[in-house]
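Welcome to a short set of exercises on reading a protein model. Try each task yourself, then follow the solution step by step.

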Amino acid sequence: MAKLGKLAESVRKFPQTDLWMDSCGEEELNYGIERGIVGATSNPIIVGSVVKEEMDLWEPEIKKLIRDMPEATEDEITWALIDEVGALRSKKLLPKFEEYKGKKGRLSIQVNAKYYRNASKMVEQAMHLNSLGENMMIKIPASEAGIRAIEEATYRGASTNATVSFTVAQAVAVAEAVERGLKRREAEGLPTENMGPVCTIMIGRTDDWLKKYCNETGLIVNPEALEWAGVAVIKEAYRIYQERGYRTRLLSAANRNHYHWSQLIGGDLAQTINYKWWKRLEACDIEVKSRIDDPVPEEIMKELRKIPEFAKSFREDGMKPSEFVNYGGFRTTLNQFLGGYDDLVQVIRGYMV
């Protein structure tokens with residue numbers, strides 16, 4: 001048995017604070033399962049990295065897909081491969097899925113980011129991805145169209161994970177959409193008790209965007225405050241979720257510093273942590289104690305309030321759904337997802353052409 005560290009200690013002491021692996025790679029999942037993860041995430045960038053890292057396994061599958069689908073485009077082959085990776089790796093989490101009766105133990109798999117403006121296409125693909133395994137969770141971007149898609153996919157029985165999400169306004173819109181979807185199911189006598197929806201807040205990318213905004217505008221703030229922006233956002237969203245009793249749980253993502261883990265310990269939420277940060281945090285000397293109810297220091301909040309983009313991020317009414325796609329973090333992240341998908345397509349193209 002390998003020596004387990006701080007994150008495994010966190011799982012033992014605070015089982016209500018779920019830890020996930022931000023990867024669907026076999027090595028990463030094995031590492032996380034040994035330490036108590038109850039979920040995992042993927043997207044085209046992650047799948048591309050996994051395929052490249054595990055090429056001995058996936059190269060024969062790529063060649064087989066190309067042979068078996070002689071008229072398929074490179075995009076169709078790429079999505080067939082994404083389907084295979086997701087279906088295979090979701091099985092590693094089935095024991096947790098069965099233990100928690102569907103509330104945990106799911107693998108998140110993302111719809112095509114190119115569909116972020118088209119709710120019907122997202123719903124159609126969401127339901128296909130949901131059919132790949134009994135413990136799939138469908139990642140849908142928190143755009144205005146994505147909010148509509150989340151409600152409809154929820155109504156149709158998929159557990160959703162809102163992604164490309166950075167703000168309190170998005171988190172509330174997502175939770176309300178899920179509630180509408182669940183209530184529609186319940187009105188028709190359809191089951192909801194085995195569903196486990198989450199809303200991601202990519203808190204590290206909230207920090208990234210505010211740092212970029214300050215650099216671009218020349219705004220001077222205490223640099224330490226910029227390490228707390230995402231934490232402030234998710235703590236505010238958590239307060240609202242707890243007060244209103246939403247059935248969606250929050251999921252933190254995109255670690256950039258230890259606050260993104262340590263400040264959320266004790267919360268009834270989930271954290272997805274990539275392999276590199278798992279190893280860093282496992283070896284750290286941060287005390288494992290509940291901090292979810294600790295307020296962000298007032299001197300930090302004072303600095304953050306100087307930043308107009310922080311108000312958009314922090315306030316429930318900071319943005320309308322029609323404005324979500326214009327948020328700096330949304331644009332940057334969506335472009336990265338699209339670029340990661342294009343990179344994976346190029347891998348496939350190399351075998352086809």
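**Exercise 1. The whole chain**

How many helices and strands are there in the chain?

*Solution.* Step one is to know what you are looking at: this is a predicted model, in which local features need pLDDT of at least 70 and side-chain atom pairs count only at pLDDT 80 or more, while totals for chains, interfaces and linings use all residues. Residues are numbered from 1 along each chain as its sequence is written, and side-chain values use heavy atoms, with hydrogens and water left out.

Step two is the count: the chain has 16 helices and 8 strands. Here helices (H or I, at least four residues) and strands (E, at least two) are DSSP runs, numbered from the N terminus.

Step three is the overall form. Along its principal axes, the C-alpha trace spans about 60 × 50 × 50 Å. For 353 residues, a compact globule would have a radius of gyration near 20 Å, and the chain agrees with its 20 Å. This radius is taken over C-alpha atoms, and the globule rule is 2.2 Å times the number of residues to the power 0.38.

Step four is burial and contacts. Of the 353 residues, 60% are buried; buried means under 20% relative accessible area, exposed over 50%, and partly exposed in between (1.4 Å probe, protein chains only). Among contacts (heavy atoms within 4.5 Å) with a separation of 6 or more, 73% come from residues 24 or more positions apart.

**Exercise 2. One helix up close**

Check the length of helix 7, then find what its buried residues pack against.

*Solution.* Begin with the length. Helix 7 covers residues 119–130, which is 12 residues, and at 1.5 Å a residue it should span 16 Å. The rule multiplies 1.5 Å by one less than the number of residues. The end C-alpha atoms of helix 7 are 16 Å apart, so expectation and model agree.

Next, pick out the buried residues: Ala119, Met122, Val123, Gln125, Ala126, Leu129 and Asn130. As you look at this list, remember that an α-helix has 3.6 residues a turn, so residues three or four places apart point the same way.

Finally, look for the partners. The buried residues of helix 7 pack against helix 5 (74–90), strand 3 (106–110), strand 4 (136–141) and helix 8 (144–155).

**Exercise 3. Two strand residues**

Which residues do Gln110 and Met136 touch, not counting residues up to four places away in sequence?

*Solution.* Take Gln110 to start with. Gln110 is in strand 3, and it counts as buried because its relative accessible area is 3%. Its contacts are Ser42, Asn43, Pro44, Trp79, Leu129, Lys139, Thr163 and Phe337.

Now turn to Met136, which lies in strand 4. Met136 is buried, with a relative accessible area of 0%. Its contacts are Gly86, Ser90, Arg106, Leu107, Ile109, Leu129, Asn130 and Ser159. Ser90 is 46 residues from Met136 in sequence, yet their C-alpha atoms are 6.9 Å apart in space.

**Exercise 4. Pockets**

What volume does the largest pocket have, and which residues are closest to its centre?

*Solution.* The volume of the largest pocket is about 490 Å³. Of the 24 residues that line this pocket, Asp22, Asn43, Ile45, Ile46 and Asn274 are the closest to its centre. Helix 3 (residues 44–53) gives the largest share of the lining, 5 residues.

The method works on a 1 Å grid over the protein atoms alone: a cavity is a set of points where a 1.4 Å probe fits but cannot get out, and a pocket is an open set with protein on both sides within 12 Å along at least five of seven lines; lining residues have an atom within 4 Å of a point. Grid points are joined across faces, edges and corners, and a volume is the space filled by probe spheres set on the points.

The second largest pocket holds about 220 Å³. Its largest lining share, 5 residues, comes from helix 11 (residues 229–244).

**Exercise 5. Positive phi**

Is Lys101 buried or exposed, and where does it lie?

*Solution.* Lys101 counts as exposed, because its relative accessibility is 66%. Lys101 lies in the loop between helix 6 (94–99) and strand 3, and has a positive phi of about 55 degrees although it is not a glycine.
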